[in-house]
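Q: I am new to this structure and would like a close look at one part of it. Please show me how oppositely charged side chains pair up here, and then walk me through the surroundings step by step.

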Amino acid sequence: MSFTSLTGRTAVVTGAASGMGAATARLLAAHGVRVALLARREDRLKDLVAAIEADGGRAIAVAVDVTDAASVEAGAARVHTELGRVDLVVNAAGVMLPNPVDDGRMDEWTRMIDTNVTGALRIIRAFTADLVESAAGGATADLVNISSIGAHVPFPGYAVYGATKAALTHLSATLRTEFGPRDVRVTNIEPGLTDTELADHIDNPELGTDGQLGAMFDTIGSLSADEIADLIGYVASRPRHVNLRQIIVMPTRQA
Ligand code: NDP
């Protein structure tokens with residue numbers, strides 16, 4: 001099997017306080033990648049940095065709210081000062097707040113759109129020059145966006161979440177037309193049910209882990225965050241000219 005070493009690369013991982021982002025940061029650091037961990041809960045990020053450093057890795061904790069442009073800019077400045085140019089960006093930060101559209105939850109809609117779509121765009125804006133310059137210098141450069149099967153599979157209550165993920169999936173596909181010619185790879189990953197903290201913010205008991213979602217976990221089972229991280233490691237370690245552009249990964253029992 002062909003494998004391009006990840007050692008010496010520099011990554012930014014958003015959503016690194018938990019779930020897929022944290023697992024990805026751990027895996028990349030274990031393979032010699034210097035990793036900037038971005039999320040809002042700085043205590044979580046610092047704990048993960050300590051764990052990575054105890055294993056001989058290199059990581060920094062950068063408290064960033066992706067819904068806040070100034071916070072992203074300040075975070076990017078810190079990343080550049082402490083780690084230099086970035087050649088791998090993983091957009092894993094996201095929120096999933098399902099409710100019937102009839103409820104008119106503008107607060108949730110705004111938060112999901114601003115985190116899952118505009119937040120990813122703020123990160124892309126902050127690090128595009130790094131990716132393009134890295135690729136121009138002959139390095140491998142990757143943008144990995146974590147979308148969802150919700151981008152194309154309808155679930156009741158998930159209209160707005162699904163719309164944000166459909167937007168991210170389309171953004172990824174379209175960005176390849178701008179980045180690909182400059183040798184920057186773009187990968188869009190659409191996971192199915194994965195066991196993380198994502199469901200913890202659902203405030204509708206019928207839709208949360210005591211309701212619809214819990215029933216899905218019971219019947220389908222789930223992927224682990226480490227399994228998604230493993231996939232991201234695979235994507236990033238392909239030869240430079242090989243771009244896995246779209247990956248749908250689900251528990252075997254999920255249709
Ligand atoms: P988690 O809730 O464990 O992780 C989400 C992360 O996003 C947290 O670390 C959180 O940290 C961070 N985050 C949320 N809001 C912001 C913000 N405003 N600024 C910065 N960081 C933020 O869930 P997952 O690991 O499952 O989620 C990762 C991605 O995977 C998400 O985009 C999700 O939509 C997607 N996904 C998840 C699936 C699943 O079944 N779990 C299935 C398909 C896709 P903090 O709160 O500290 O900011």
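A: In this predicted model, the side chains of E73 and R125 meet in a salt bridge, with N and O 3.6 Å apart. E73 belongs to helix α3 (residues 69–83) and R125 to helix α4 (residues 106–136), so this pair ties together parts that are 52 residues apart in sequence. How exposed are the two partners? E73 has a relative accessibility of 48% and counts as partly exposed, while R125, at 65%, counts as exposed.

The general idea behind such contacts is simple: side chains of opposite charge can pair when their charged atoms come close. The structure holds 14 salt bridges, and a few others are worth visiting.

One of them joins the side chains of E197 and R41, at 3.2 Å from N to O. Here E197 sits in the loop between β7 (194–195) and α6 (212–220), and R41 in the loop between β2 and α2 (42–54), so the pair ties together parts that are 156 residues apart in sequence. E197 is partly exposed, with a relative accessible area of 23%, and R41 is also partly exposed, at 35%.

Another salt bridge links R105 with E108, whose closest N and O atoms are 3.2 Å apart. R105 counts as partly exposed at 22% relative accessibility. E108, in contrast, is buried, because its relative accessible area is 5% and buried means under 20%. Elsewhere, salt bridges that share partners join R9, D87, D142 and R185 into one network.

From the charged pairs, let us move to strand β1 (residues 10–14). Five of the five residues of β1 are buried, so this strand is largely enclosed by the rest of the structure. In a regular strand the side chains alternate between the two faces of the sheet. You can follow both faces of β1 in the model: T10, V12 and T14 are buried on one side, and A11 and V13 are buried on the other.

What are the neighbours of β1? Strand β2 (residues 34–39) runs parallel to β1, and five bridges join the two. Strand β4 (residues 88–91) also runs parallel to β1, joined to it by three bridges. A11 is a handy residue to look for, since you can place it against both strands: A11 stands opposite V35 in β2 and opposite L88 in β4.

Next comes a helix. Together, β1, helix α1 (residues 19–30) and β2 make a right-handed β-α-β unit. The helix α1 has a packing partner of its own in helix α7 (residues 225–236): the two pack at an angle of about 50°, and their axes are 8 Å apart. The helices α1 and α7 are therefore oblique to each other, and their crossing is right-handed.

To finish, here is a spot to look at in a loop. D183 lies in the loop between α5 (159–179) and β6 (184–191). This residue has a positive phi of about 70°, although D183 is not a glycine. With a relative accessible area of 40%, D183 is partly exposed.

How values were computed. Residues are numbered from 1 along each chain as its sequence is written. This is a predicted model: local features need pLDDT of at least 70, side-chain atom pairs count only at pLDDT 80 or more; totals for chains, interfaces and linings use all residues. Side-chain values use heavy atoms; hydrogens and water are left out. Buried means under 20% relative accessible area, exposed over 50%, partly exposed in between (1.4 Å probe, protein chains only). Helices (H or I, at least four residues) and strands (E, at least two) are DSSP runs, numbered from the N terminus. Two strands pair if DSSP finds at least two bridges between them. A crossover is right-handed if, with the strands pointing away from the viewer, the path from the first strand over the helix to the second runs clockwise. A salt bridge is a side-chain nitrogen of Lys or Arg within 4 Å of a carboxyl oxygen of Asp or Glu. Axes are lines fitted to C-alpha atoms, for helices over the stretch in contact, and angles run from 0 to 180 degrees between N-to-C directions. Angles under 35 degrees count as roughly parallel, over 145 as roughly antiparallel, 65 to 115 as roughly perpendicular and the rest as oblique. A crossing is left-handed if the near helix is turned anticlockwise from the far one by less than a right angle, and right-handed if clockwise.
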